[in-house]
Amino acid sequence: LIACGIGFTVVHKSTTQELQAKEWSFKASKGDGLAQTAKFSEKSLTLSEAGLNDTYQYKVTKKNGSEQITFTSQDDNSNTRIIKIKKNSDEYQLIPINSLAKEDTGDVTLTPK
């Protein structure tokens, strides 16, 4: 039984590890309608579009049995977006929780590039 648990841990990647392992297309339901390129490092997310970059600190946590991702602007720590993150096949669905996330980005789909 212990060997099964260890095997699962080695094979199963965390959400954070999966996000960091790929480059993503970041398609928000709000904004200019263009998909941005998203790159996750250990602690930050960089969104790129037409040569412009925005960087956010992020953290993935579990709350009430589901995962949440919190994005905080590097320029303004009061700009925090709280979003529920859910895996759907090879994509991630991001559903806004707080008002800033709802107004700013709306629903987001992360698709591997």
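Six bridges connect strands E3 and E4, and the two run antiparallel. I begin with this pair in what is, I should state at once, a predicted model. Within the pairing, Ser 48 has Asn 53 of E4 as its bridge partner. The hairpin that these strands form leaves two residues between them, and there Ala 50 adopts a positive phi near 50 degrees.

Let us follow E4 onward. E4 also pairs with strand E5, residues 66-73, in the antiparallel sense, this time over eight bridges. Tyr 56 finds its bridge partner in Ser 73 of E5. The hairpin of E4 and E5 again has two residues between the strands, with Asn 64 taking a positive phi near 50 degrees.

I turn now to the other end of the chain's strand order. Strand E7, which covers residues 91-96, is joined to E8 by three bridges, and the two strands run antiparallel. Here Leu 94 is matched with Val 108 in E8 as its bridge partner.

Which strand pairs with E8 over five bridges? That is strand E1, residues 23-28, which meets E8, residues 108-112, in the antiparallel sense. In E8, Leu 110 stands opposite Phe 26.

These pairings belong to one arrangement. Eight strands close into a barrel, in the order E1-E2-E3-E4-E5-E6-E7-E8, with antiparallel pairing. On average, and with direction ignored, neighbouring strands of this sheet are turned by 35 degrees against each other.

Next, the pocket. The largest pocket holds about 290 Å³ of space. Its lining consists of 18 residues, and those closest to the pocket centre are Phe 26, Gln 36, Leu 47, Asp 104 and Thr 105. The elements that contribute two or more residues to this lining are E1, strand E3 (44-49), strand E4 (52-63) and strand E6 (80-88). Which of the elements supplies the largest share of the lining? It is E3, with three residues. Phe 26 thus deserves a second mention: this residue stands opposite Leu 110 in E8, and it is also among the residues closest to the centre of the largest pocket.

As to chemical character, the lining of the largest pocket divides into eight nonpolar, four polar and six charged residues.

Finally, a word on confidence. The average pLDDT over the chain is 86, and 88% of the residues score at least 70. Where does the pLDDT fall below 50? It does so over residues 1-11, a stretch with zero contacts in the model beyond near neighbours in sequence.

To summarise, the model presents an antiparallel barrel of eight strands, a largest pocket of about 290 Å³, and a stretch at residues 1-11 where the pLDDT is below 50.

How values were computed. Residues are numbered from 1 along each chain as its sequence is written. This is a predicted model: local features need pLDDT of at least 70, side-chain atom pairs count only at pLDDT 80 or more; totals for chains, interfaces and linings use all residues. Side-chain values use heavy atoms; hydrogens and water are left out. Two strands pair if DSSP finds at least two bridges between them. Helices (H or I, at least four residues) and strands (E, at least two) are DSSP runs, numbered from the N terminus. Axes are lines fitted to C-alpha atoms, for helices over the stretch in contact, and angles run from 0 to 180 degrees between N-to-C directions. On a 1 Å grid over the protein atoms alone, a cavity is a set of points where a 1.4 Å probe fits but cannot get out, and a pocket is an open set with protein on both sides within 12 Å along at least five of seven lines; lining residues have an atom within 4 Å of a point. Grid points are joined across faces, edges and corners, and a volume is the space filled by probe spheres set on the points. Ala, Val, Leu, Ile, Met, Phe, Trp, Tyr, Cys and Pro count as nonpolar, Asp, Glu, Lys and Arg as charged, and the others, Gly among them, as polar. pLDDT is the predictor's confidence in each residue, from 0 to 100. Contact means heavy atoms within 4.5 Å.
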